[in-house]
Structures are given as C-alpha cells and as structure tokens.
Number of protein chains: 2
Amino acid sequence: MQLIDGKKVAHHIREQIKQEVNQRREQGKKTPHLAAILVGNNPASEIYIHYKIKACEEVGFSSSLIRLSAQVSEAQLLEEIAKLNENPQIDGYIVQLPLPSHIAEDKVILSIDPDKDVDGFHPINIGRMVLGQKGFLPATPFGVLKMLEYYEIPTAGKHAVVLGRSHIVGTPMSILLSRKHPQGNASVTLLHSRSQHIEKTLQEADIVVAALGMPEFVRGSMLKKGAVVIDVGTTRVEDASKKSGYALKGDVHFDEAAEKAAFLTPVPGGVGPMTITGLLLNTLEAVKNKDNK
Amino acid sequence: MQLIDGKKVAHHIREQIKQEVNQRREQGKKTPHLAAILVGNNPASEIYIHYKIKACEEVGFSSSLIRLSAQVSEAQLLEEIAKLNENPQIDGYIVQLPLPSHIAEDKVILSIDPDKDVDGFHPINIGRMVLGQKGFLPATPFGVLKMLEYYEIPTAGKHAVVLGRSHIVGTPMSILLSRKHPQGNASVTLLHSRSQHIEKTLQEADIVVAALGMPEFVRGSMLKKGAVVIDVGTTRVEDASKKSGYALKGDVHFDEAAEKAAFLTPVPGGVGPMTITGLLLNTLEAVKNKDNK
C-alpha cells in the first residue's frame, strides 16, 4: 500500500506557488492578496482561518482578516463584501462558513464577485465547473485532483464512487471526476444517505472518495483489493490518550483499508493540507486573471 | 411493460399551463412571451423552432422569432441578445443551437440574462441546479423528471445509470436524479464514451436514462428485469419503407427492452414532447417570477 502523503504534495505545490510569487515580485507584478471575513468566533472557524493566513505567509501572499461580530446584520456583512468586490488590492477572498443563522448563506455567496470567489462556491463557478469552463474549483475537490495528479493515479475509464453529496465536497468531486480532463473521464457513482447497496457498490469501486463525516464508516470488507481510497472525512472523536482529549478520525477505517487499498490517504495529513493548497492555487489564478486584463 | 407516453404527459401539462395562462389573462396579468433567436437555417433547427412556436400558440403564450443570417457577426448577435435582455415584454428567450462556428457559444450563453434563460444553459442556472437553488432547469432533464412524476415512479434510493455526459442532457440529468427532491435521491452513475463495463453497470440499474445519440446501443441483455428505461436518443436513420426516407431511432433497442423493462419510453413520442414542455414550464415560471417583483 502506498500512502498518499497530503503534507508532501501540499509542500511541493506550495513551493511552486512561492517561486511563482517571487518571480512575480521580480517582474514588478502584483503580490497575490487573499482576504477572509470571519463572523463571530466559532472555534473550528478560528482554527481554519489561522491555517489559511499562515499558508498565505508561507507562500508569500498578502492576507487580510476582517472580523465581524456574531451579531452583525446581513446588510452590514453584504456591505463588507461590496467593499472587497471593489477593492483592487484584494485578488480573492472567502467568507468563512458557517455563518450565524440570521444570515442567509446563499445570498451572501451570491454577492461575492465570481472573479474573486476563490472558494469556488458561487453558483456561476459551480456551473462553469459542470460545463468544463474556466473558473474556480471548490478547494477540497481541487486538492484531491492535485493529489491524484501528483501520484499519477489513472482515472480515465475507472469506476469512482463518491460517498456524500455535500455542495462543497461530494457533489463537485463527483462532477469533476467525470469531466474530460487528465484527472477525470471516470465512470462516477454518487452515493449518499438515501442510497441502498452502499457496501456492494463500494466493493466494485476502483477509486473511493469518502466525504460523509461518519468516522470509520468505510470498513476493509467494503473495498476492492487495489482500490484508491481518498478519505475526506475529519471528525473529532473523544480520545483520553491524547493531550487535547480528542483525535481526528476519517470516514475510512485506516488499518483495515490499509490491507486492501493500493493508495490510501491518512487522517490527518491526507486531504486536509490539500484543501488550503487548493485555495492558494485559486488565489494565484485570480491575480493572474487580472494581469491579463 | 408500461409504456411511458410522452405525448400524453406533455398534453396533460400543457393543458395545465393553458389554464394558468387563461387565469392570468382574467386577472389582468401579463401573457407569457417566449422569444427565439435563430441564426442561419439549419434544417433541424428550423423544425425545432417551428415546434416551439407551435407549442407557444397551443398554450396561449405570445412568441417572437428573430431570424439572423448565418453570416451575422458575434457582436451583432450579442446586440440582439442585449435588446431581449432589456425588453420587458420578453419573459424568456432561447438562442437556438448550434450556432455557426465563427460565434463562440459559451460567450453567447453567458450574455443571456439568467432570469430570462429558459433553456437553463447559463452557468449560473446550472450552478443553482447543483446547489438545489431556484432557477431554470435544462428543458430535457426537466421533462424527464416530469414524466417520472406523472407515472409516480420512485427514485429515492434506486440505482440510476445515465448514459452520456452532454452538457444539456446527460450531465444535468445525473445531477438532478441525485438531488434532494421527490424525483431525486437516487444513487446515480454517469457513464460515457470513456467508461468501461457499461454492460455490467447497466444490468444493475433500476433506472436507465440513455442519452448517447447511438441508435439501439442499449440491448435487452443489458437491462435488469423491471428496469425503468428512459430513451433520450433520437437519431435519423435511413429507412426506405418511410415516405420521408428515414426513421427516428432511440438509443434503446425498443423491442428487446420491452421484454425486460417495467416502464419504457418510445421514440418518437417519449422524451421528445417533454423537452418543449420543459421550456414552456420555464417560461411560465419566468413570468411568474416577474409578477412578484
């Protein structure tokens, strides 16, 4: 079994990004600038934002964090977004989800300038992805494609099964794997909470992408010998042996899967580092799109 | 085997639309108005446009046809589109495809006001479909959902296999069948020209949607007993016994499939009439969206 080392791939790509940012600087071109809006102080969101800003520093991007109180009105948030849309210094930005329940997420996402939507969540970017047009891909599926590329894992004609139909992982992943591109051309089955025969379908899969958020749902017995297994799940489970009191568990039972899989991502250290890498790649793309304008 | 009678379903829905248009008239509300732009005179396009205009008359919609020469420049076409976007009389419009090769289709579709894009081809409408947001669905997959609804064919938890990944049929069909709605919640596999094991995968399908454009590709031996078979293919094949010299053939071998299927659409008279019905439904929706503004 070959471990898919997300940290290594992320490091490799981030080094490339860093070099490109340095070159840009030497050529007098603009330094990419990623902004983030954080509403309230959800602890998980604080951690994600911290890592995103750290990653920007690592590759030489500028970054800004706009903190808004959990009581901010939708109108005030939309005003902040309008400012970012208009600000030529900001190449791309994200609004960290989830938002407080009094704010309509759909409306917020729709107000983001699609050319700065480096999370790839705006419907027009989702539509472009479906149509194979240039746009920003959602960061996690984008990161998974980059892992498949790095390890030269063939996908064309393979049977890929995606577990979970979330808007930000499972659904775009299933679409991307079926499109016409080097990490696509797979026969893709999308399974979810309403699916029957999940075990049988998984047993026939050459490639499994698990994005359910159900710890160790995928057991070794559900996998075909030689499958490629990408574990997107990361759920905190209590673990008294850890200093923090919890451990991160993927959707795949790692030890069992390791006996069957040809390629397998660990949790943590698999897909996780690739998600932020996808965001960095999108931000670099955003500034390059502006160069040409 | 139960024949899925597209003509009957289309007639039923069009009667409902007609009644709603009459009610609107009595209430002093606007009559829905569909416009179409036809570039050049591709014979198949002429026929499609003819049927679309006829269907508008049938349900009491107003319609306009804008004919442009095959030599029209892209800029001129975009000007015509801008006029339709601005014209408050026009509730929805379509640009009949294909366009001459000197015109960029993507650019044309992107210039259509998404609120008037009753073909559902604009990336933002595709994105909304993926995200389960309100928008216009592409007419053919929309028509297929309406057939499933009419015949009360359950889809939740079923294994649906879609053959063909075109932007206007196969891909949106595969997405729609997996979404959370009464004709969705299926486990969906999307197969295409690069897929392996097509026969084996089809044999496991509870629902088959064939949209390849390859006459009689799906044989009886490829189907599970009791499958629901929706044939979107319509290819002209030579047939000396017909006055016209040709016959329309679906992607499914009808006689063989009839031995295995629980439900089956004929060609012609199956999905065909439902496509224009989908377009009419979108146009009615477009005018109703304006009522509320």
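These are short questions and answers about a predicted model with chains A and B.

Author: Local features need pLDDT of at least 70 and side-chain atom pairs pLDDT 80 or more, while totals for chains, interfaces and linings use all residues. Residues are numbered from 1 along each chain as its sequence is written, and chains are lettered from A and ligands numbered from 1 in the order written.

Reader: What makes residues of chain A and chain B count as in contact, and how many are there?
Author: Two residues are in contact if their C-beta atoms, placed from the backbone, lie within 7 Å. By that test, 28 residues of chain A meet 28 of chain B.

Reader: Why is it said that the copies meet through the same surface?
Author: 100% of the interface residues of chain A are also interface residues in chain B, so the surface is the same.

Reader: What relates chain A to chain B?
Author: A rotation of 180° with 0.0 Å of shift along its axis superposes them, RMSD 0.0 Å. That is the relation of a two-fold axis. The fit is by least squares on C-alpha atoms of residues with pLDDT of at least 70 in both copies.

Reader: Why is chain A called as compact as a globular protein of its length?
Author: The radius of gyration is taken over C-alpha atoms, and the globule rule is 2.2 Å times the number of residues to the power 0.38. The rule gives 19 Å for 293 residues, and chain A has 19 Å, so the description holds.

Reader: What share of chain A counts as buried?
Author: The share is 48% of the 293 residues. Buried takes 20 or more other C-beta atoms within 10 Å of a residue's own, exposed 12 or fewer, and partly exposed lies in between, with C-beta atoms placed from the backbone.
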